[in-house]
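User: I would like a close look at a single part of this model, the surroundings of the ligand, together with whatever in the rest of the chain helps to place that part. Please go through it carefully and keep the answer connected.

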Amino acid sequence: MVIPHRIAEEFRQNLLNWGRNNLINYPWRKNRTPYRVLVAEILLHRTRAEQVVPLYNSLLSKCPNIFSLAAMDIEELRRLLRSAGLRWRVDLMHRMARMIVDEYGGRIPERKEDLMELPGVSEYIASAVMCFAYGHPEPLLDTNTVRIAGRVFDIEIKDSSRRSKKMRELMRSLLDIEKPDIFNYAMIDFGKKVCRKRDPDCIICPLQICSYRRRFAGTLVKK
Ligand code: SF4
């Protein structure tokens with residue numbers, strides 16, 4: 001599906017306007033370095049952001065850079081992150097750090113192919129590092145961001161949509177290439193605060209072009 005330029009522009013501007021006053025001030029959104037972004041995105045995988053905040057702060061104070069993370073004792077790292085569960089993720093993070101030190105001299109890769117070869121780095125995490133750390137105009141596809149696009153443009157969303165090439169291209173056409181980081185943060189936060197999975201807040205939603213809203217216009221109630 002191709003979104004007409006005018007509609008994509010309207011979507012983009014409305015979302016960015018909303019983001020001006022509504023972005024959440026997470027610690028990993030400040031002082032962004034490739035290392036901090038990478039570590040945050042790994043911790044955020046399948047874990048609520050509020051739960052990640054203290055883990056992220058503890059990890060950063062113990063391991064302020066990739067070299068200290070690679071050198072950290074694995075048992076100590078498991079203890080530090082045990083409240084996040086998923087022991088396998090901690091082990092992958094440790095292997096990833098060692099690989100970055102051994103193969104890249106400690107520099108976090110910038111290319112998607114290189115990032116995705118690192119243990120524990122999915123396409124979403126690679127795209128997030130490219131966008132938030134290096135400023136590349138990379139769309140972020142997860143269940144929340146594809147749900148927004150699906151509702152607005154009346155596209156059937158399946159579990160596989162976030163891995164779909166067509167969906168990626170559609171999301172790319174919506175992205176603000178001048179401010180891809182702000183656009184992606186706005187998408188993430190909009191999916192959390194307004195266009196929620198259950199009970200989206202369509203009455204206050206600034207996306208007037210939304211198909212879902214038109215379809216259910218008669219049934220929407222103010223909260
Ligand atoms: S109108 Fe409702 S469904 Fe559409 S984007 Fe806004 S909150 Fe989501």
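**The ligand shell and its setting**

Analyst: Glu-178, at 69% relative accessibility, counts as exposed, and this residue of the predicted model is found in the loop between helix 10 and helix 11. Its C-alpha is 32 Å in space from that of Pro-54, the two residues being 124 residues apart in sequence. With that exposed loop residue as a point of reference, we can turn to the ligand itself.

The space that the ligand takes is the largest cavity. Around the ligand stand Arg-151, Val-152, Val-194, Cys-195, Pro-200, Cys-202, Cys-205, Leu-207, Cys-210, Tyr-212 and Arg-213. Sorted by character, the residues of this shell divide into nine nonpolar and two charged, with no polar residue among them. As for secondary structure, helix 9 and helix 12, the latter covering residues 211–215, each supply at least two residues of the shell.

Two members of the shell, Arg-151 and Tyr-212, are also in contact of another kind, in that the charged end of Arg-151 sits over the ring of Tyr-212, at 5.1 Å from the centre of that ring.

Two loops that border the helices of the shell each hold a residue with an unusual backbone angle, and here a general point is useful. Most residues other than glycine have a negative phi. Asp-154, in the loop between helix 9 and helix 10 (165–174), has a positive phi of about 55° although it is not a glycine. The other case is Asp-199, whose place is in the loop between helix 11 (180–193) and helix 12, and whose phi is likewise positive, at about 65°, again without the residue being a glycine. Asp-154 is partly exposed, with a relative accessible area of 48%, and Asp-199, at 48% relative accessibility, also counts as partly exposed.

Helix 9, which contributes to the shell, can be followed further through its aromatic residues. A search of the whole structure finds six aromatic pairs. One of them joins Phe-11 and Phe-153 in a tilted arrangement, with 5.6 Å from centre to centre and 45° between the planes. Because Phe-11 lies in helix 1 (residues 5–22) and Phe-153 in helix 9 (residues 143–153), this pair ties together parts that are 142 residues apart in sequence. Both of these phenylalanines, Phe-11 and Phe-153, are buried, and ring pairs link Phe-11, Phe-153 and Phe-183 into a cluster.

For comparison with the tilted pair, Tyr-26 and Trp-28 form an aromatic pair that is stacked, with 4.8 Å from centre to centre and 10° between the planes. Tyr-26 and Trp-28 are both buried.

One further loop residue may be set beside Glu-178. Gly-106 lies in the loop between helix 6 (87–104) and helix 7 (112–116), but at 16% relative accessibility this glycine counts as buried. Its separation from Ala-70 is 36 residues in sequence and 9.4 Å in space, taken from C-alpha to C-alpha.

Taken together, the close view is of a ligand in the largest cavity, with a shell of nine nonpolar and two charged residues to which helix 9 and helix 12 each give at least two, while Phe-153 of helix 9 is paired with Phe-11 of helix 1.

Terms used. Residues are numbered from 1 along each chain as its sequence is written. This is a predicted model: local features need pLDDT of at least 70, side-chain atom pairs count only at pLDDT 80 or more; totals for chains, interfaces and linings use all residues. Side-chain values use heavy atoms; hydrogens and water are left out. Rings of Phe, Tyr and Trp (its six-membered ring) pair if their centres lie within 6.5 Å; planes under 30 degrees apart count as stacked, over 60 as edge-to-face and the rest as tilted. Helices (H or I, at least four residues) and strands (E, at least two) are DSSP runs, numbered from the N terminus. Buried means under 20% relative accessible area, exposed over 50%, partly exposed in between (1.4 Å probe, protein chains only). A charge sits over a ring if NZ of Lys or CZ of Arg is within 6 Å of the ring centre and within 35 degrees of the ring normal. A residue is near a molecule or strand if one of its heavy atoms lies within 4 Å of it. On a 1 Å grid over the protein atoms alone, a cavity is a set of points where a 1.4 Å probe fits but cannot get out, and a pocket is an open set with protein on both sides within 12 Å along at least five of seven lines; lining residues have an atom within 4 Å of a point. A molecule sits in a cavity or pocket if more than half of its atoms lie within 2 Å of its grid points. Ala, Val, Leu, Ile, Met, Phe, Trp, Tyr, Cys and Pro count as nonpolar, Asp, Glu, Lys and Arg as charged, and the others, Gly among them, as polar.
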